[in-house]
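Here are some short exercises to work through with the model open beside you. Try each task before you read its solution.

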Amino acid sequence: MKTYEKIFDILSQTDDYVNGEKIAQELGISRTSIWKAIQKLEKEGIQIESVKNRGYRLTAGDLLIPNWIEEHSPVQVSFNPDCQSTQMDAKAGMEAGYPADTLYLAAAQSAGRGRFGRAFFCPNQGGFYMSLHLKPNLPFDQLPSYTILTAGAIYKAVKNLTLMEVDIKWVNDIYYRNKKISGILTEATTSIETGLVTDVIIGVGFNFFIRDFPAEIKEKAGSLFEEKPAISRNELIAEIWKCFYESDPEELIYLYKQRSLVLGRQVTFSQKGMDFQGLAKDISDSGQLLVQLTDGQEIWLNSGEVSLTSW
């Protein structure tokens, strides 16, 4: 880790002041180096209180530390401080031949997009944005439902670290207290020669600690934390991908269904220009939603073709 990241890590582990001399001895650096690192942290939006003869105390802010995430999860991390879109970063890395299981990470995005190309709110502070590149090399019909597995992993990670319960709206949205806090976008590349899905990119945008939202979305958008977070973004990111890689897929699918906002409820949706209503009865392991229409007919909805308009 870089010096300023190491100092942030030290300060984040206590609510008390940490003496500058103690930091200098622990890291083997000069007091001048500490002062420069503190300045760097403050430029990153971290608020640090300095008191003579007592030292430094972290009062607000959170720093993404790629090396820490790598040490505590099964992924390599590529961090971009000037990111347009982590999906774009992942595609560029894929084309450049970077290894699979690389997580492309950013604290903010200037051109983030969700399902069907929709733009979404990406503030400079308080969220995180990430895209994981996988190389499954499988026929499409044997491909796991990565969106469902990721949503299940997010639920499990949040529960493991905070005991908080989030909910899941079919197919790709995470809700907390009836407001959307996260969205998932999964994209795949298929080889024309082999017919196999060679590459998959799973994108996640997450509102971690955001207090202010634009007027047009503040009734719908929320944040996992509204007060000082009990955990760091680094801890949550690492835990999400630990759960994703190390959990039994059947467990993640089960958690997805257990936390579904739509199962057992009346839903409305549009398909081919027509509006329909029915009862959401089941979700398949591949991510399709079974709906019993008002006339009794049962149909499976494909997430790539429709979007629920109410539930």
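In which helix is K40 found? K40 is found in helix α3, residues 31-43. Helices here are DSSP runs of H or I with at least four residues, strands are runs of E with at least two, and both are numbered from the N terminus.

Before going on, please note that this is a predicted model, in which local features need pLDDT of at least 70 and side-chain atom pairs count only at pLDDT 80 or more, while totals for chains, interfaces and linings use all residues. Residues are numbered from 1 along each chain as its sequence is written, and side-chain values use heavy atoms, with hydrogens and water left out.

**Exercise 1. Classify two lysines.**
Task: decide whether K40 and K180 are buried, partly exposed or exposed.

Step 1. Take the cut-offs: buried means under 20% relative accessible area, exposed means over 50%, and partly exposed lies in between (1.4 Å probe, protein chains only).
Step 2. K40 has 32% relative accessibility, so K40 counts as partly exposed.
Step 3. K180, in strand β9 (residues 179-190), has 33% and therefore counts as partly exposed too.
Step 4. Check the record: an unreviewed UniProt entry lists K180 under "binding site", along with Q109, R113, G114 and R115. UniProt positions follow the numbering used here, feature names are shortened, and annotations may be inferred rather than shown by experiment.

**Exercise 2. Describe the annotated N-terminal stretch.**
Task: find what secondary structure residues 20-39 hold, and how α1 and α2 are oriented.

Step 1. The unreviewed UniProt entry places "DNA-binding region" at residues 20-39.
Step 2. Over residues 20-39 the chain is 85% helix and 0% strand, and the C-alpha atoms at the ends lie 14 Å apart.
Step 3. The axes of α1 (residues 3-12) and α2 (residues 20-27) come within 11 Å and cross at roughly 125°. Axes are lines fitted to C-alpha atoms, for helices over the stretch in contact, and angles run from 0 to 180 degrees between N-to-C directions.
Step 4. Angles under 35 degrees count as roughly parallel, over 145 as roughly antiparallel, 65 to 115 as roughly perpendicular and the rest as oblique. α1 and α2 are therefore oblique to each other.

**Exercise 3. Follow helix α6 to its end.**
Task: compare the reach of α6 with its expected span, then look at the residue just after α6.

Step 1. The expected span is 1.5 Å times one less than the number of residues. α6 (residues 146-162) has 17 residues and reaches 24 Å from first C-alpha to last, close to the 24 Å expected.
Step 2. Of the 17 residues of α6, 14 are buried.
Step 3. The axes of α6 and α7 (residues 233-246) come within 8 Å and cross at roughly 130°. That makes α6 oblique to α7.
Step 4. Just after α6, L163 has a positive phi of about 65°. Most residues other than glycine have a negative phi. L163 lies in the loop between α6 and β7, and its 67% relative accessibility is why L163 counts as exposed.

**Exercise 4. Trace the open sheet.**
Task: give the strand order of the open sheet of 5 strands, and say which strands stand at the edges.

Step 1. The order is β14-β13-β12-β11-β15, with antiparallel pairing. Two strands pair if DSSP finds at least two bridges between them.
Step 2. β14 and β15 (308-310) stand at the edges with a single partner strand each, so one side of each has no neighbour in the sheet.
Step 3. From one strand to the next, the twist averages 45°.
Step 4. β13 (residues 289-293) and β14 are joined by 4 bridges, and V291 stands opposite I299. The hairpin they form has 4 residues between the strands, and G296 in the turn has a positive phi of about 95°.
Step 5. Along β14 (residues 298-301), I299 and L301 point to one face and are buried, while E298 and W300 point to the other and are not.

**Exercise 5. Examine a covered strand.**
Task: which residues of β4 lie on each side?

Step 1. In β4 (residues 102-106), 5 of 5 residues are buried.
Step 2. T102, Y104 and A106 are on one side, with L103 and L105 on the other.
Step 3. β4 pairs with β3 (residues 76-79) in the parallel sense over 4 bridges, and Q76 stands opposite T102.
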